[in-house]
Each structure stands twice: as structure tokens, then as C-alpha cells.
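Thanks, everyone. I will keep this short and stay with what can be read from the coordinates. Please have the viewer open.

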Amino acid sequence: MATSEKDLEEQLMEAGNRLLSPLPLVDELLPLLDQIESCLTKVEQLPSESMQKALSPSRKALVADALLRHSDLDVKVAVAACISEITRITAPHAPYEDDQIKEVFQLIVSSFEKLYDDSSRSYYKRVLILETMAKVRSCVVMLDLECDALIVEMFQHFLRSVRDYHPENVFTSMETIMTLVLEESGNIPLELVSSILQCLKRENQEVLPIARKLGAEVLENCATKLKPYLAQAVKSMGIPLDGYSEVVARICPALASDDGNAISENLESGAEEYGEELVGSMINVWWPNDREFYVGKVESFNAVDMTHKVVYTDGDVEVLLLKHEIWKFIDDDKVSHKGDASDGESPVASYEMMGDSKSYGTCGTSKNERYWTLDEVRTLVECLHELSTDPTWKAENDFKNGYLVRLEEMLHQKCPNCGLKAYPHIDSKLRDLKKKYDAIAEMLNKFGFTWDELRMMLQVDKKGYDNWCKSHDNARGPWGVPFPHFHVLAEIYGNDRATSDDVVVNIEREMENQKKAHESFSISDDGVSMTQESAQATTSSKQAKKQKSGKGKQARGRESKEMEDARGMTSSFNDLSTKFGNFIQDMNSHLATMANALSQTQAREQEMADKSNRIVSELLQLEGITQMDAMQAATLLIAEPNKLIVFYQLPTELRSSYVLSILHPDGRGGGVVVVDRFSFFQSN
């Protein structure tokens with residue numbers, strides 16, 4: 001053990017034991033707490049057993065009633081600063097029991113009240129507490145402890161205490177915390193949204209411009225999530241839309257019409273037969289244009305506008321007000337709701353005309369939502385990476401059927417009591433991880449976006465990020481939030497783009513389809529007609545490209561058979577001529593694309609060969625990489641092209657860390673471990 005670490009342990013042990021003794025007077029207590037905080041800031045996360053033992057006296061003493069409820073304000077802030085450091089050190093594990101954690105958060109939130117006072121002895125401690133909460137994401141634990149009132153109080157403290165003279169990190173830390181809390185919330189309390197709206201009221205002269213800016217930034221960051229809640233909050237406050245900052249109208253443009261009456265009426269419409277209890281159910285939803293039921297899973301329920309999110313088996317996603325739809329449980333011949341009649345043929349009539357007499361039965365309901373611990377997510381990514389290197393499960397650009405069930409088995413071996421299932425848990429989490437990876441990878445290919453290897457997060461100025469999100473809605477979320485799985489996911493998904501072979505296969509398939517389309521037209525004595533096979537294919541294609549509509553069939557006038565035949569023959573000849581022209585044009589385009597694809601394949605193969613040839617010299621230029629390290633790393637990188645691609649994509653200053661992580665996968669890095677929901681409690 002290094003002498004400096006041993007000295008640090010001795011100092012912590014001594015200071016902690018002094019706190020366990022009868023407390024000294026304030027003049028002596030404050031320097032002692034300062035000493036403990038100074039020592040704690042030097043302790044890294046995931047400390048050794050000896051360091052954990054040295055931390056024990058301070059950890060116990062800091063949550064004693066005498067300190068948590070001390071009458072001196074500076075003492076309270078000093079205690080909060082020390083506990084904040086302890087939560088950083090022990091993350092993602094909880095340092096205290098749930099009841100103690102609640103009291104700790106009360107103390108921490110109270111320290112933000114006078115953050116505006118930069119002349120206070122405790123000013124810099126308050127700033128440090130704020131930065132630590134934003135960095136390790138401990139704020140999300142308040143959601144799981146159901147500290148709704150405390151969260152509202154924290155938002156109010158931020159909006160009242162933020163000042164122009166604060167350093168930029170104070171504003172960004174507040175923004176990060178508020179955004180995290182809103183994005184991670186299941187149902188957002190009305191009071192929370194209203195607290196932000198209060199600072200955006202034009203008539204509120206007491207609000208500082210910097211506070212308005214903070215509120216507006218948070219609303220912009222969470223626009224998609226907040227939209228329905230914002231409509232309800234505006235209505236409850238009874239102030240016209242033009243009484244707020246412009247950001248409110250941008251997020252909820254529908255409110256601009258008739259002062260939001262349309263949305264208000266929608267929110268107040270009749271009671272819903274089913275709500276949260278429907279989440280997890282498999283249902284059949286009637287699509288009038290296709291005159292057919294489609295199977296989907298109810299993924300979530302929004303209590304604000306009483307809508308359900310339905311994910312169909314073919315990948316389509318809809319948000320539905322089910323009381324206006326025709327739907328039924330799978331294996332149930334009873335229609336659960338017949339919806340409202342619409343213009344033309346009613347959807348109810350359409351269903352009854354089908355004469356669907358299948359026997360369906362009721363599928364039990366279950367709740368999809370499941371919060372993952374850091375260990376579970378890390379294990380899932382490790383298992384997925386293992387499958388990605390196994391040709392038994394990894395196809396050319398995707399995984400083979402059944403891989404989710406295999407992942408479930410692998411997870412249960414490594415996390416026996418996790419209870420995670422292939423559907424919906426693993427499927428949902430992988431979709432989320434892939435979405436986050438794609439968004440970050442796309443941004444990193446653009447100028448101004450870089451990757452912070454130490455903090456494992458996207459690095460870009462807030463303005464540039466916000467501008468990007470205006471045209472890329474899927475990119476919202478990663479800013480200021482660590483994503484420690486990026487490199488591993490890059491190895492898994494980084495090469496899953498269309499290769500030249502895919503292009504050639506798709507071209508050949510398309511050419512075959514064009515040929516079939518041409519051959520499906522036959523010239524008979526009565527003119528041009530489609531073959532039965534082509535007609536079926538066309539019908540199938542139309543159903544595959546279905547578009548939902550509430551309208552039924554429209555009545556049409558009858559024409560004489562002669563006029564119909566004449567018009568049909570003319571239309572058929574015109575259609576045939578157009579298809580021949582399109583076919584020739586597409587053939588020329590496909591041939592050019594094939595030639596280009598083959599050329600690109602050869603160029604990529606040559607590029608990979610060049611990269612492999614110079615990898616050793618590249619590795620030897622890296623700081624901290626020995627000759628032996630370089631040889632071992634070169635062998636690993638050349639053997640796994642995905643890792644080689646990642647290596648060359650990284651900035652030069654990050655390559656050493658990446659190489660060392662490959663050579664020593666079990667080594668401890670210098671990044672910041674963040675708190676994930678529920679993982680904070682796994683030690684209790």
C-alpha cells in the first residue's frame with residue numbers, strides 16, 4: 001500500500017473517531033468537518049477493504065442525530081458535503097438504510113437554499129454538493145424513495161438561487177439534475193411542472209432572467225416527455241398561453257388554438273375502462289382500412305391523457321385512446337371496446353360483418369416496467385458481446401432467432417435472482433441501449449462532438465447539442481449523462497450497417513421483383529390483365545403498407561360495364577408502358593449501384609489491410625504502452641476487426657485507455673461510477 005494512502009486512512013480513522021466522541025463546539029467542529037471532507041475528496045470510488053474500514057467511523061458519525069439536526073447552518077452544509085462525498089465513493093451501493101438516506105437528501109436539498117450567497121463560508125461546499133449530485137446521478141434515487149415534495153422543493157431552490165455571477169458549472173449542474181429527474185420520472189407530479197411554469201410567467205417580475213433561462217432549457221430538454229403534463233399544468237393555472245415564455249407554445253402548439261380548450265376537453269373526456277392494469281397485455285386492434293385485427297402488446301399507459309402505447313408484432317407503434325378503438329384481448333371472442341362510430345361504415349359494423357368466430361381467451365396482465373441495476377445492465381452487455389462473437393448466434397448483420405431466450409439463460413446463470421425475462425425486459429432494454437448507442441455514434445461523426453473517455457460521456461457545448469436535437473429528436477438524453485457501455489456496443493453494433501454484399505443481395509432481389517412485376521402482366525384478347533399471383537402479391541403489399549384510418553368505405557356510383565372495361569383497358573396499357581420505362585431505368589440504376597458497391601468493397605478491404613499493417617507502429621507511439629503491450633494488443637485488434645475499427649475511430653489521446661481496457665478487462669479505471677435507479681439499494 002502506498003504511504004500516501006496509508007496516511008489518508010489514518011487521518012480518516014482519527015477524524016472519524018473524534019466525531020463519534022462528544023461533539024466539540026462549533027469553532028472546533030467546523031475545522032474537523034473540513035478536514036474530513038478534504039480527506040474524502042481524495043478517496044477514489046470502489047475503495048479497498050482497508051479504506052472502507054477507515055471510512056466507517058466517519059460514515060456512522062455523520063448520520064447521528066447530533067449532526068443531522070445541528071442548529072448551526074454552516075455545520076449542516078459541512079455535514080451534507082461530507083455525506084455527498086461518501087455517496088460518491090460508495091456508488092452504486094447505498095451507504096445507509098432507506099430512512100437515513102431520506103434524511104440525508106433532506107439535508108442536501110436544504111443546503112441549496114442559499115446557493116446565491118457567494119460570500120458565505122459554505123458557498124463552495126454548496127457548489128461541490130451540487131456538482132457531485134449531477135455527476136453521480138444520486139438525484140434519481142429520490143424518485144425511488146418517493147420524495148416528491150422534496151424534489152419540488154429542490155427545483156424551487158434552484159430557480160430561486162441561480163444567479164448570473166455563478167460559474168457555468170452551477171447552471172449546467174442544476175440543468176442536468178432537473179432534466180434527469182423529469183426524464184426518469186414515471187408520472188410527473190403537477191406541482192413539479194407548475195414550479196417551472198411559475199418562473200416562465202411573463203407577469204412574474206420577481207423571477208431573474210437567468211432563472212427563466214434555466215426553466216426554459218429544462219423544458220426544451222424534456223419537451224417530448226413533458227408535453228401532456230405541460231398542457232394539464234397550463235390549464236390548472238388558468239393563465240392564457242401568451243402569459244408564458246415562448247418555449248411553452250413551442251412545446252405545445254395545440255394550446256395556441258382556443259387557449260388550449262381542445263386539449264383541455266380531451267383531458268376531461270369520459271372515464272377510461274382500462275388503465276395501468278392493461279400494461280403488458282397482448283391485444284388485437286381493429287384496423288378499418290385493412291378490415292383486419294393486428295396483434296400488439298400494450299407497452300405503457302399515460303395517466304394524463306389516458307392513452308396506451310401499443311407495439312405491434314410487425315414493429316409498428318401507436319399511441320391510442322382505446323375507448324375510441326375496436327380491440328379485444330387475445331383468445332377472447334368478446335370485443336372489449338367497440339369505440340365510436342365514424343363517417344361512412346362504422347368500425348363496429350366492419351367487425352361484425354367479418355363474422356369472426358375464432359375462439360380467443362383472455363391473456364393475463366403484467367407490468368412491463370422494470371428498473372435495471374448497474375450490475376444487471378453491465379452483465380447483459382457482457383452476455384450480448386459474448387453472443388456477438390459466437391457464430392452460432394450472430395448472423396451477418398443481426399442476431400439469429402432465439403438469441404433473447406439465450407440471453408435470458410446467460411443472465412440467470414450470472415444473476416440467479418434477477419427475474420429478468422426475454423420478453424419484455426431484455427428485449428426492451430436492448431432496444432433502449434441500441435437507440436442510445438446509435439444516437440451517440442451518429443453525433444460523434446459530426447464536427448464538434450467528441451467523447452470524454454474519463455467520464456464516459458458525450459462531450460459538446462450545450463448550444464451545439466440543443467441545435468442538433470432540433471432536427472434529431474432521437475438524440476435527446478445523452479448530454480451530461482455517462483454511457484459506460486459505448487465501446488462494447490460499438491464492437492457489437494458498429495459493423496451492423498449495410499455492407500456491399502447486402503447491397504448486391506438487395507439489388508438482385510429488387511431486380512427479381514421487377515422481373516416478376518413485368519411477367520405478371522399478360523396480353524390477352526380482351527386487353528392487358530394481371531395474373532392471379534400478381535394480384536395476390538399486390539393485395540399483400542397494400543396490407544403490409546397499411547395506414548390507419550377511422551373512416552369506413554365510401555359509397556361509389558355505378559358505371560356501365562362497357563365504360564368500365566374501356567377505362568380499365570386504357571389504364572392498363574398506360575400502366576404497362578410506365579412500368580416498362582421504370583423497369584429499364586431501375587436496371588441502369590441497379591447496375592451502376594452494383595459496380596459502385598463492388599468498388600467500395602475492394603477499397604474497404606484494402607483500408608483494413610493498411611490499418612492492420614501499421615497497427616504496431618501506431619501502438620508503440622502511445623504513451624504508457626510497452627513493447628509487450630503493443631504486440632499483445634496488435635494480436636487482439638487484428639483478430640477482432642470491430643475493435644480495430646473502434647481504435648482508429650478514437651481520438652489519439654483516448655487510444656491508450658482503450659488499449660489498456662482490452663489488455664486488462666478486469667482492471668479498475670479512473671471514470672466516475674454513477675448511480676442507477678434501484679442499484680443504489682442493492683447493498684441493503
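I will go through a sheet, then a covered helix, then some salt bridges.

Before that, one caution: this is a predicted model.

Start with the sheet. It is open, has five strands in the order β4-β3-β2-β1-β5, and its pairing is antiparallel. At the edges sit β4, residues 317-320, and β5, each of which pairs on one side only. On average, neighbouring strands in this sheet are turned by 40° against each other, ignoring direction. As a reminder, strands of a sheet pair through backbone hydrogen bonds, in either a parallel or an antiparallel sense.

Now strand β1, residues 282-287. Is it mostly covered or uncovered? Mostly covered: of its six residues, five are buried. On one side, β1 pairs with β2, residues 292-302, over six antiparallel bridges. If you want a register to click on, Met282 has Lys297 in β2 as its bridge partner. β1 also pairs with β5, residues 327-329, again antiparallel, over three bridges. There, Ile283 is partnered by Phe329 of β5.

Moving to the other end of the sheet, β3, residues 307-312, is joined to β4 by four bridges, and the two run antiparallel. His308 stands opposite Leu320 in β4. The two strands form a hairpin with four residues between them, and Gly315 in the turn has a positive phi of about 100°. Strand β4 has two faces: Glu318 and Leu320 are on the covered one, while Val317 and Val319 are on the uncovered one.

Next, the helix. α21 covers residues 486-493, and seven of its eight residues are buried. Those buried residues are Phe486, His487, Leu489, Ala490, Glu491, Ile492 and Tyr493. What covers them? The elements include helices α17, α19, α26 and α27, along with strand β6.

One of those buried residues, His487, leads to Glu453, since I want to show you that pair. Glu453 is found in the loop between β6 and β7. It is buried yet has no salt bridge, and the nearest side chain of opposite charge, Arg655, is 10 Å away. What Glu453 does have is a polar contact of 2.9 Å between its side chain and that of His487. Setting aside neighbours within four places in sequence, Glu453 is in contact with His487, Leu654 and Ser657.

That brings me to salt bridges in general. How many does the structure hold? There are 18. I will show three of them.

In one, Glu184 pairs with Arg137, with the closest N and O atoms 3.2 Å apart. Glu184 is in helix α10 and Arg137 is in the loop between α7 and α8, so the pair ties together parts that are 47 residues apart in sequence. Glu184 counts as partly exposed because its relative accessibility is 24%, and Arg137 counts as buried at 10%.

Another is Arg406 with Glu409, where the closest N and O atoms are 3.2 Å apart. These two are three residues apart in helix α18, so about one helical turn separates them. Arg406, at 26% relative accessibility, counts as partly exposed, and so does Glu409, at 42%.

The remaining example is Lys429 with Asp432, at 4.0 Å between the closest N and O atoms. Both lie in helix α19, three residues apart, about one turn of the helix. Lys429 counts as buried, at 18% relative accessibility, whereas Asp432 counts as partly exposed, at 28%. Elsewhere, Asp34, Glu37, Arg121 and Lys125 are joined into one network by salt bridges that share partners.

Terms used: Residues numbered from 1 in each chain as written. Predicted model: local features only at pLDDT ≥ 70, side-chain atom pairs only at ≥ 80, totals over all residues. Heavy atoms only, no water. Buried < 20%, exposed > 50% of the residue type's maximum accessible area, 1.4 Å probe, protein only. Pairing = 2+ DSSP bridges. Axes fitted to C-alpha atoms, helices over the stretch in contact; angles between N-to-C directions. Contact = heavy atoms within 4.5 Å. Lys, Arg positive; Asp, Glu negative; His and termini not counted. Polar contact = N/O pair within 3.5 Å; in protein donor to acceptor, adjacent residues only side chain to side chain.
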